[in-house]
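Hi,

Here's the structure I said I'd pass on. Have a look first, and my notes on helix packing and voids follow below.

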Amino acid sequence: MNSKATNSDNRMHLWESICIMIFMFLVLGILIIKYKMDPQIPLLLVFTVLLFYGYLRHFTWDEMFAGVVEGITPGIIPIMIFLLIGLLVATWLASGTIATIMVIGIHILSIRFFLPTIFIICGLVGMTIGSAFTTISTVGIALLGIGHIFGFPAPLTVGAIVSGAFFGNNMSPLSDTSNLTTSIAGVNLYDHLKNMAFTAVPAALITIVIYLFVGVPTTAVNSAKIQLMSSELSGHFQVSAWLLLPMLVVLILAWIKVPAIPTLLAGSLTAIGIFVVNHPHFSIAKIGDILMNGYHAHFGDATDGIMSGGGITGMLSSISLILCALALGGLLIKMGVVNTLINSIMQLVSRPGNLILMTSLSGIGVNLLVGEQYLSIILPGSAFKQAFHRQGIDSKYLSRTLATSGADVNALVPWGVSGIFIAGTLGVDPFQYIPLAFYPYLNPLITIILGYTFVSWKYRKQG
């Protein structure tokens with residue numbers, strides 16, 4: 001039974017919502033940044049305080065628990081994808097697919113232009129398959145290993161990988177976020193992509209220039225060591241072109257728009273098949289252990305650390321973080337904190353530039369509060385769509401704004417689904433790679449600047 005009944009007066013006031021937001025960011029900032037605490041604990045602390053505050057504000061337990069369920073529901077498919085990414089990484093390591101990509105990359109990539117090159121590679125792969133997550137968990141892992149061999153700090157390499165993957169995601173007609181933003185805004189997909197290019201391409205070019213200047217290894221390059229690592233990888237994994245088959249399967253299935261879950265399963269099964277062929281004396285128990293606990297190399301040389309990882313257990317910490325973040329986000333939405341904040345800034349959208357700025361800030365705010373990129377697109381999109389119509393502004397500017405402040409910024413939120421995924425898959429603290437992932441900062445910034453310049457000029461001229 002409900003211990004309290006709801007009434008019409010339990011809506012959150014603006015001052016309450018602001019206080020809750022400040023409290024949340026203070027707790028997360030102090031405990032995560034200053035005390036180096038894992039994010040799950042601060043998120044649960046904020047969740048606990050908010051839960052009992054909601055009870056004192058006459059929300060029923062059932063209402064709040066319903067909010068938790070609604071918050072977690074959008075994360076169910078991403079959680080399954082996380083588990084399957086763990087399988088994919090483990091099987092690609094065991095089969096030699098990752099090793100093959102690395103050996104090829106070592107021979108064809110330039111150390112001086114490494115960071116700009118991996119930005120371009122991840123961008124092209126992202127555009128081809130339409131998924132930043134798949135890009136990061138496949139070629140991203142191999143490029144991270146190459147960066148380690150070349151002497152690049154892991155956070156810097158991850159920043160370039162993430163930047164390229166999210167650029168590709170922005171510009172792909174297969175991207176789920178591109179299709180979601182156009183659906184919310186009511187815009188033709190290809191009109192959206194053409195308009196997106198006005199911010200995404202300049203952001204990409206600036207990012208490439210930045211990586212060109214910062215892309216110098218921190219230690220002296222030892223060519224002999226690089227060749228030794230390449231030889232060891234080739235010797236341990238019998239590197240050959242057919243080991244790229246799992247990657248080809250993933251690319252083809254993604255291109256023909258097969259959903260992520262069967263695509264990842266097919267990529268893993270292909271890699272398992274290769275492992276079985278190359279290890280005729282395999283045991284079912286060994287395969288089960290790799291899938292559950294990941295692949296762990298024991299060659300006794302420098303490749304052991306690079307060629308170990310993946311598995312279901314390797315993703316469980318990330319999944320627990322997603323559950324905590326989404327549960328808190330669902331509670332914030334159910335109690336009206338998010339909607340109150342968004343509605344309060346609707347009064348500041350009298351001009352095109354202000355409208356685009358406030359839409360962007362709303363997407364960023366939902367990302368920070370809820371940590372879910374789809375909700376960061378849906379909630380501001382639903383709230384501001386009519387405002388764009390009232391001012392006569394083409395909805396393609398709404399879809400572009402939602403994509404930049406929703407999808408891109410999610411990669412910069414340590415407790416966001418994308419941030420958690422990146423940290424869990426590539427094994428880098430989000431607070432280390434976030435300052436070095438330049439593209440997700442630049443794309444929203446350029447969108448806002450164009451809102452106050454080109455878009456404002458265009459509609460002022462028409463008016």
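**Helix 4 against helix 14**

The axes of helix 4 and helix 14 come within 9 Å and cross at roughly 20° (axes are lines fitted to C-alpha atoms, for helices over the stretch in contact, and angles run from 0 to 180 degrees between N-to-C directions). Helix 4 and helix 14 are therefore roughly parallel to each other (under 35 degrees counts as roughly parallel, over 145 as roughly antiparallel, 65 to 115 as roughly perpendicular and the rest as oblique). Their crossing is left-handed (the near helix is turned anticlockwise from the far one by less than a right angle; clockwise would be right-handed).

Before going on, two notes on the source. This is a predicted model, where local features need pLDDT of at least 70, side-chain atom pairs count only at pLDDT 80 or more, and totals for chains, interfaces and linings use all residues. Residues are numbered from 1 along each chain as its sequence is written, and side-chain values use heavy atoms, with hydrogens and water left out.

On the helix 4 side the contact includes Ile77, Met80, Leu84, Leu88 and Trp92, and on the helix 14 side it includes Leu264, Ala271, Ile272 and Phe275 (contact means heavy atoms within 4.5 Å; helices are DSSP runs of H or I with at least four residues, numbered from the N terminus). By class, the contact has 17 nonpolar, 5 polar and no charged residues (Ala, Val, Leu, Ile, Met, Phe, Trp, Tyr, Cys and Pro count as nonpolar, Asp, Glu, Lys and Arg as charged, and the others, Gly among them, as polar).

**The voids**

The structure holds 1 cavity of 30 Å³ or more, and the largest cavity has a volume of about 60 Å³. (On a 1 Å grid over the protein atoms alone, a cavity is a set of points where a 1.4 Å probe fits but cannot get out; a pocket is an open set with protein on both sides within 12 Å along at least five of seven lines; lining residues have an atom within 4 Å of a point. Grid points are joined across faces, edges and corners, and a volume is the space filled by probe spheres set on the points.) Helix 4, helix 14 and helix 15 (284–293) each give two or more residues to the cavity lining. Among the lining residues are Ala90, Thr91, Ala271, Phe275 and Ile287, and the lining divides into 8 nonpolar, 1 polar and no charged.

The largest pocket holds about 580 Å³ of space. It is lined by 28 residues, and the closest to its centre are Ile81, Gly130, Ser131, Asp176 and Ala260. Helix 4 (76–95), helix 14 (260–278) and helix 20 are among the helices that each supply at least two lining residues. The pocket lining has 16 nonpolar, 9 polar and 3 charged residues.

**Two more helix pairs**

Helix 19 (residues 352–370) and helix 20 (residues 373–390) pack at about 155°, with axes 8 Å apart. They are therefore roughly antiparallel to each other, and the crossing is right-handed. Leu355, Ile356 and Val366 are among the helix 19 residues in the contact, with Leu379, Pro380 and Phe384 among those in helix 20. That contact divides into 11 nonpolar, 6 polar and no charged residues.

Helix 11 (residues 189–214) and helix 21 (residues 395–410) pack at about 60°, with axes 9 Å apart. That makes helix 11 oblique to helix 21, again with a right-handed crossing. His192 and Phe198 are among the helix 11 residues that meet helix 21, where Lys396, Tyr397 and Arg400 are among the partners. This contact has 4 nonpolar, 5 polar and 2 charged residues.

Cheers
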